[in-house]
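Visitor: Could you take me through the disulfides in this one, and show me what surrounds them? I'd like a close look rather than a tour of everything.

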Amino acid sequence: MIFKPIGVCGVIALALLVAGCEPIVVTINSPSQSSFVKSRCVTATFSATGGSGILRYACSMDGAPAQSCASGQTLCVASDGPHALEVTASDASGQKGSTRADFVVDTIAPVLSPGNGGPYWPGNDTCWNSAQQWSTFYTFERVTTECKFDTLPYGSCNWPAHQLPYGSAHADGTYQFTTYNLQPLLPNGVHTFSLKATDLAGNVSEVTQTFRVHAPVISVTAPASGSTLTQRSVVLAFSAALTASEDPECYFDNDLDAFNYPYVCQLDGGAAFECTPGITLGELANGTHTLGIKRRFSNTNGGMMAIASSTFTVAP
């Protein structure tokens, strides 16, 4: 026989399976456990099951005395930082159940500090002698990032393979992120770089800087872009030059052959291969083709990278 004293559900250990004596289980949906929120006022949503019918809820924020509350009610805290919401549900018999959600309030957008490279940080050089750009920045919190050049839409910042998804944590509590513009390489002229950082709470910071690229230029004369070949082969003809710039900060006195890096060619997105002026591309199929040529001209971080392409047609 099972005894269930009226109004004292759960007091007697034998009353294990009496209807209405199931434990009350409380679930907090918002703010969820370990979440980050960007407002000091949150809409608390919660529910409870079990017991003999939930009659009331009581909420306590950060250990303060519990107050009657309802799901959907707005609760506020006085400061950013870690907080805890405890919700207690009770039924007609006096049985109670409670749960707690720990969360972090962060109303401040991430602060980005420059590293030792990149075209966009004030104080760095405003002229770069490479069509390939890279930059480093630090934050004191984890962020996700999006990058763009000029009028292109925001997209991936092209993380190097050794970086962690949220950046590399340092002993001083900072996180380091390195962004690379791998493709397309930027043509000479004035460009704008924008970086958007979003922290775990959804706060967004954006930095933008205008800079100039003044890199060597590769000129392709055969096959010339827009030309039509009447044979299935072509002898490559191209050269590189670093022209003068009207910007005094863009003066680079470099010997383009000092480091003897090879030219690299790529036909129609296929495998890359070393190439030199005078070699023959043969067995070209009928139709339109694109030849890409790039070369690194320096041992510096910027690399003095240049790229060129030629789109031509084979119609023998």
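**The disulfides and their surroundings**

Guide: Let's start with cysteine 265 and cysteine 275, which are joined by a disulfide with a sulfur-to-sulfur distance of 1.9 Å. Bear in mind throughout that this is a predicted model. The bond between cysteine 265 and cysteine 275 is right-handed, with 80° about S-S. As for where the two ends sit, cysteine 265 belongs to strand β21 (residues 263-267) and cysteine 275 to strand β22 (residues 273-275), so the link ties together parts that lie 10 residues apart in sequence. Both cysteine 265 and cysteine 275 are buried.

That is one of 3 disulfides in the structure. Next, go to cysteine 59 and cysteine 69, whose sulfurs are 2.0 Å apart in their disulfide. The link of cysteine 59 and cysteine 69 is right-handed, at 80° about the S-S bond. Cysteine 59 sits in strand β4 and cysteine 69 in strand β5 (residues 67-69), so this pair ties together parts 10 residues apart in sequence. Cysteine 59 and cysteine 69 are both buried.

Cysteine 59 also takes us into the packing. The largest nonpolar core counts 20 residues, and Cys59 is among those with the most contacts inside it, along with Phe46, Tyr57, Leu85 and Val87. Strands β1, β3, β4 (54-61), β7 (81-91) and β8 (96-105) each put at least two residues into this core, and β3 gives the most, with 4. As a general matter, nonpolar side chains in soluble globular proteins tend to be buried together.

For a feel of that packing, click on valine 87. Leaving aside residues up to four places away in sequence, valine 87 touches Cys59 itself, its chain neighbours Tyr57 and Ala58, and also Val26, Ile28, Phe46, Gly97, Ser98 and Thr99. There is a second, separate core too, with 19 residues, including Leu229, Leu236, Ile293 and Phe297.

Now for cysteine 41 and cysteine 76, which form a disulfide with their sulfur atoms 2.0 Å apart. This link is right-handed as well, with 105° about the S-S bond. Cysteine 41 is in strand β3 and cysteine 76 in strand β6, so to speak at two distant parts of the chain, 35 residues apart. How exposed are cysteine 41 and cysteine 76? Buried would need a relative accessible area under 20%, and exposed one over 50%. Cysteine 41 comes out at 38%, so cysteine 41 counts as partly exposed. Cysteine 76, at 47%, is likewise partly exposed.

The strands holding those two cysteines are worth a look, too. Strand β3 (residues 41-49) pairs with β6 in the antiparallel sense, over 4 bridges. One place to see the pairing is threonine 43, whose bridge partner in β6 is threonine 74. Zoom out a little, and β3 and β6 turn out to belong to an open sheet of 3 strands, ordered β1-β3-β6 and paired antiparallel. The edges of this sheet are β1 (25-30) and β6 (73-76), each pairing on one side only. On average, neighbouring strands in the sheet are turned by 40° against each other, ignoring direction.

So much for the close look, and here is a way to keep the pairs in mind. Cysteine 41 and cysteine 76 bridge strands β3 and β6, and those strands also pair with each other. Cysteine 59 is a buried residue with a place in the largest nonpolar core. Cysteine 265 and cysteine 275 are buried too.

Note on methods. Residues numbered from 1 in each chain as written. Predicted model: local features only at pLDDT ≥ 70, side-chain atom pairs only at ≥ 80, totals over all residues. Heavy atoms only, no water. Pairing = 2+ DSSP bridges. Axes fitted to C-alpha atoms, helices over the stretch in contact; angles between N-to-C directions. Core = buried A, V, L, I, M, F, W, Y, C linked by side-chain atoms within 4.5 Å. Buried < 20%, exposed > 50% of the residue type's maximum accessible area, 1.4 Å probe, protein only. Contact = heavy atoms within 4.5 Å. Disulfide = S-S within 2.5 Å.
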